[in-house]
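Visitor: Please take a close look at a single residue and its surroundings, and then set that part against the rest of the chain. A plain account will do.

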Amino acid sequence: MTKDQLQFTAMAIFSRYRWLKASEVMLFFFNFKAGFYERFYSYFDTQTIIRSFKAFLEERALAIAAREREVR
């Protein structure tokens, strides 16, 4: 990953998802590195991270909905 790729990826995430807490973004990258989402094949790809981030947000929404059902 080059510095430019890293900066572009960070700006893409921040500009679309600025409402997320830093801890949630950290959790995403922890899970990504642990292999829960898409993988890189031979080169860094920003789209792989963005697609994986969308999957993370879907999981997050399901977890929040489940928690809200429990509270009721």
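Guide: The residue to start from is Ser 52, which counts as buried because its relative accessibility is 1%, where the cut-off for buried is under 20%. The model is a predicted one. Ser 52 lies in helix α3, which covers residues 46–71. Leaving aside residues up to four places away in sequence, Ser 52 touches Phe 28, Phe 32, Tyr 37 and Glu 38.

Ile 49 also has its place in helix α3. With a relative accessibility of 4%, Ile 49 counts as buried. Its contacts, again without residues up to four places away in sequence, are Thr 9, Ile 13, Phe 28, Phe 29, Phe 32, Phe 40 and Phe 44. Phe 28 and Phe 32 are thus among the residues touched by Ser 52 and among those touched by Ile 49. Two C-alpha separations help to place Ile 49 in the chain. Leu 20, 29 residues away along the chain, is 16 Å from Ile 49, and Asp 4, 45 residues away along the chain, is 15 Å from Ile 49.

Asp 4 belongs to helix α1. Its relative accessible area is 60%, so Asp 4 is exposed, the cut-off being over 50%. Leu 27, in helix α2, is partly exposed, with a relative accessible area of 42%. The C-alpha atoms of Leu 27 and Ala 12 are 17 Å apart, with their positions 15 residues apart in sequence.

The loop between α2 and α3 holds Ser 42. The phi of Ser 42 is positive, about 75°, although this residue is not a glycine. Ser 42 is exposed, with a relative accessible area of 80%. The two serines therefore fall in opposite classes: Ser 42 is exposed, whereas Ser 52 is buried.

Next comes the empty space. The largest pocket has a volume of about 240 Å³. It is lined by 17 residues, and those closest to its centre are Thr 9, Ala 10, Ile 13, Val 25 and Phe 29. Thr 9, Ile 13 and Phe 29 have already appeared in this account, as residues that Ile 49 touches. Helix α1 (3–16) and helix α2 (22–33) each supply at least two residues of the pocket lining. The largest share of that lining, five residues, comes from α1.

For the chain as a whole, the pattern along the sequence is α-α-α, with three helices and zero strands. The C-alpha trace spans about 45 × 25 × 15 Å along its principal axes. The chain has 72 residues, and 26% of them are buried; Ser 52 and Ile 49 are in that class. Of the contacts between residues at least 6 apart in sequence, 56% join residues at least 24 apart. The accessible surface comes to about 5800 Å², and carbon and sulfur atoms account for 59% of that area. As for charge, there are 12 positive and 8 negative charges, and the mean positions of the two sets are 4 Å apart.

Note on methods. Residues are numbered from 1 along each chain as its sequence is written. This is a predicted model: local features need pLDDT of at least 70, side-chain atom pairs count only at pLDDT 80 or more; totals for chains, interfaces and linings use all residues. Side-chain values use heavy atoms; hydrogens and water are left out. Helices (H or I, at least four residues) and strands (E, at least two) are DSSP runs, numbered from the N terminus. Buried means under 20% relative accessible area, exposed over 50%, partly exposed in between (1.4 Å probe, protein chains only). Contact means heavy atoms within 4.5 Å. Accessible areas come from the Shrake-Rupley method with a 1.4 Å probe; for residues, only the protein chains shown count as cover. Lys and Arg count as positive and Asp and Glu as negative; His and the chain ends are not counted. The place of a charge is taken as NZ of Lys, CZ of Arg, CG of Asp or CD of Glu. On a 1 Å grid over the protein atoms alone, a cavity is a set of points where a 1.4 Å probe fits but cannot get out, and a pocket is an open set with protein on both sides within 12 Å along at least five of seven lines; lining residues have an atom within 4 Å of a point. Grid points are joined across faces, edges and corners, and a volume is the space filled by probe spheres set on the points.
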